[in-house]
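Here is a friendly tour of a protein model, meant to be read with the structure open beside you. Take a look at the sequence and the fold before reading on.

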Amino acid sequence: MTEKKFKEILFSNKLKPYEYNVLSIFEDTAVKALYFGTNGGLQIKIGETQNERIPQFVNNDKGIVLNMTKNRRGQLWYCTGKNGGIFDYDKTTYIPNEISGMKGAMCIYCDYNDNLWFGGQKGLFFYDYKQFYQIPHPELNSMIGSICETDSTHFVYDGVRGIGILDLEKFYSDLPKHLQGFQNIEGVISYFDKSYGFMGEEVGQNAMMRDSKGRIWVATNTNVIRLDPKELTANTFAPFTHVSLVQISEDNVTWQPLPDGVTQIGRTFKNLHIEFIGINHKAPERVRYSYILEGNDTEWTALSAVRTVSYTNLVPGVFTFKLKAVNGAGVWSNVIERRIEIVPAVWQRTWFKVTVIVFIVLIIIILTSFVVVKISHFRMSQRETSLTVKHLRLANLRSQIYPHFFFNSLSAIASAFYHQDRETAYKFFLRLSDQIRESLKDSNRTYKSLADEMRFVENYLAIQKFRFGDRLNYHIDIQNIEQDELSGILVPPMLIQTFVENSVKHGIEPMKTGGEVLLKLKKSAQSIEIEIDDNGIGLSASAVHSEKSTGIGLKNLNEAITLYNNEHIHKISFQFKEKLAPEQGVHAQIVLNGACKI
């Protein structure tokens, strides 16, 4: 037979014959071109004569073009193996592994939504032109070297132990959910291995194709397998789950079975062992289990083929073991459960614990109340003792202040008698009797009203006026303060009297011509100001004339004001100073800051 049945296609004359291996072929019918993927780049053949090598599609001109496809946008996509990248033909864009997450792509497929699927060394990836997603499934975490369309809504891919078929319609029905986790993708993927009759050992790279009758041909390391996807039916029968054995132990060494129907065990049996099974006659080895022990676990376990579980050191309580299973086609069983209660001792039961807590709380409340009452009584006793001490001190001060005043008044009366002025002496006695009556009233109270203090001062000045005659003049001026308001303000006794008496005794009395005392009360927004003003000889001169003065009146008043300020929020302050020349005398000021009211 001399006629040539096979024609050798020569590539670019820049290449030496047989220098590169052809690994993939793709026909673009739109432009009537053939694309040859080689281990040295890409060859394009248009017509019978024109061919061209395009090395720039391969990184460093040393890549391997393994597979090609064209999407609906007219873009020709390439995938490479070891160099790990994907190329957009129009833009000649290289997509590195850092973006895709793949360690090189081996096969590529464009689905009916124009999205791309890539198989590579790390599994199956989905690309929507925005982001790469790795399909989360145990059978898809290893190398995927071949993808082949079975019909417009399904494609077949190869795996380590067999082949799988992905249902695109189910995948797109809830895309976000199916991209999240393994259990969400179940039901979208059907996997067929030896248990389903697939006898191949390892599917070759890009070694699957669909013939004109819709059958899929698969080349493996040991044979070629032909299958008809229409004849591949999924396992629609859910596994029949059953708890086959429950064992309990006190020491995790010696185990004894727990019969069916027994739900309560003693508190010493704190170790539990459970065995279970999911019966499925079609591919039983592909059954996976998930379980939870309510009362101990917080979430279901990940799917596993292991059919036993042990729990140790369980505390007394009610536990419910729940079990479910799924077959290889993603069909789930119903949840079965087994209730077990580890009966607690009396002291471990809730009602006992609550009772103890309530009892302890009551004891704490009683003890706290007792301590609080004791502390309150102690503090009250301290306050009462402190008040008693203060009142005694005030009473002692009054006992010193009033005799001091009365001594001065009696001196004035004696002076009147000495000068044979009986009428004046009589009037002195009347005024003095009022003062004594007022002092007796003050003996039963710690403080007196400002109105009473003003009456006391007015009587004193009247007595001194009788005594000194024209040598003493006085004037009392009360501005914008009502009498009722004066009656409602508390002050220490002799507060004003002491300053007025000092003005008369040490300022006016030494003067031959006499003098004048002015007493003024006025109210401001936050206080009451009391001013005592005289035109006497002043502080410096009075110190010379008053060698016999003890100063006990002012000293006692200062201590009384200190005691008052310690007991009240609103304070009393005072000051006095000598007038500057050409004026003479002393100016004293008392300020009742927010004066305490009765």
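What follows is a short walk through sheets, hairpins, cores and one loop residue.

Please keep in mind that this is a predicted model. Two open sheets of antiparallel strands come up first, one in the order E9-E10-E11-E12 and one in the order E13-E14-E15-E16. After that come the hairpins around strand E18 (residues 216-220), the largest nonpolar core with its 33 residues, and asparagine 280, which sits in a loop.

**The sheet E9 to E12**

- Four strands make up this open sheet, in the order E9-E10-E11-E12, and their pairing is antiparallel.
- Strand E9 (105-110) and strand E12 (132-134) are the edge strands, and each of them pairs on one side only.
- From one strand to the next, the twist averages 25°.
- E9 runs antiparallel to strand E10 (residues 116-120), and 5 bridges join the two.
- To find this pairing on screen, look for alanine 105, whose bridge partner in E10 is glycine 120.

**The sheet E13 to E16**

- This is an open sheet of 4 strands with antiparallel pairing, ordered E13-E14-E15-E16.
- Strand E13 (147-151) and strand E16 (189-192) each have a single partner strand, so one side of each is left without a neighbour in the sheet.
- Neighbouring strands here are turned by 25° against each other on average, direction ignored.
- E13 and E14 run antiparallel and are joined by 4 bridges, and the hairpin between them passes through 2 residues.
- Strand E14 (residues 154-158) is joined to strand E15 (residues 163-167) by 5 bridges, again antiparallel, and 4 residues make the hairpin link between E14 and E15.
- Valine 156 is a handy landmark in E14: cysteine 148 stands opposite this valine, and isoleucine 165 in E15 is its bridge partner.
- Phenylalanine 155 has leucine 166 as its bridge partner in E15.
- Is E14 mostly covered, or mostly not? E14 is mostly covered, with 4 of its 5 residues buried.

**Strand E18 and its two hairpins**

- Which side chains of E18 point to the buried face? Ile216, Val218 and Thr220 point to one face and are buried, while Trp217 and Ala219 point to the other and are not.
- On one side, strand E17 (residues 203-210) is joined to E18 by 4 bridges, and the two run antiparallel.
- Within that pairing, methionine 208 stands opposite valine 218.
- The hairpin of E17 and E18 has 5 residues between the strands, and glycine 214 takes a positive phi near 85° there.
- E18 also pairs with strand E19 (residues 224-227) in the antiparallel sense, over 4 bridges.
- Tryptophan 217 has arginine 226 as its bridge partner in E19, and the hairpin from E18 to E19 runs through 3 residues.

**The nonpolar cores**

- The largest nonpolar core has 33 residues, of which Leu450, Ile496, Ile530, Ile532, Ile590 and Leu592 touch the most other members.
- Among the elements that give two or more residues to this core are helix H9 (495-508), strand E31 (515-523), strand E32 (527-534), H11 and strand E34 (586-593).
- Helix H7 (450-468) is also in that group, and H7 gives the most to this core, with 7 residues.
- Leaving aside neighbours within four places in sequence, isoleucine 532 is in contact with a list of residues including Ile496, Phe499, Val500, Val517, Leu519, Ala588 and Ile590.
- A second, separate core has 22 residues, including Val243, Ile248, Val287 and Ile342.

**Helix H11**

- Helix H11 (residues 552-567) has 16 residues and should span 22 Å at 1.5 Å a residue; its end C-alpha atoms are 23 Å apart, which agrees.
- Buried residues of H11 include Gly553, Leu557, Ala560, Ile561, Leu563 and Tyr564.

**Asparagine 280**

- Where is asparagine 280 placed? Asparagine 280 lies in the loop between strand E23 (271-279) and strand E24 (288-294).
- Why does asparagine 280 count as buried? Its relative accessibility is 5%, and buried means under 20%.
- The side chain of asparagine 280 reaches the backbone oxygen of phenylalanine 237 at 3.0 Å.
- Not counting residues up to four places away in sequence, asparagine 280 touches Asn235, Phe237, Ala238, Pro239, Val287 and Asn327.

How values were computed
Residues are numbered from 1 along each chain as its sequence is written. This is a predicted model: local features need pLDDT of at least 70, side-chain atom pairs count only at pLDDT 80 or more; totals for chains, interfaces and linings use all residues. Side-chain values use heavy atoms; hydrogens and water are left out. Two strands pair if DSSP finds at least two bridges between them. Axes are lines fitted to C-alpha atoms, for helices over the stretch in contact, and angles run from 0 to 180 degrees between N-to-C directions. The expected span of a helix is 1.5 Å times one less than its number of residues. Buried means under 20% relative accessible area, exposed over 50%, partly exposed in between (1.4 Å probe, protein chains only). A nonpolar core is a set of buried Ala, Val, Leu, Ile, Met, Phe, Trp, Tyr and Cys residues joined through side-chain atoms within 4.5 Å. Contact means heavy atoms within 4.5 Å. A polar contact is a pair of N or O atoms within 3.5 Å; within protein, one must be able to donate a hydrogen and the other to accept it, and residues adjacent in sequence count only if both atoms are side-chain atoms.
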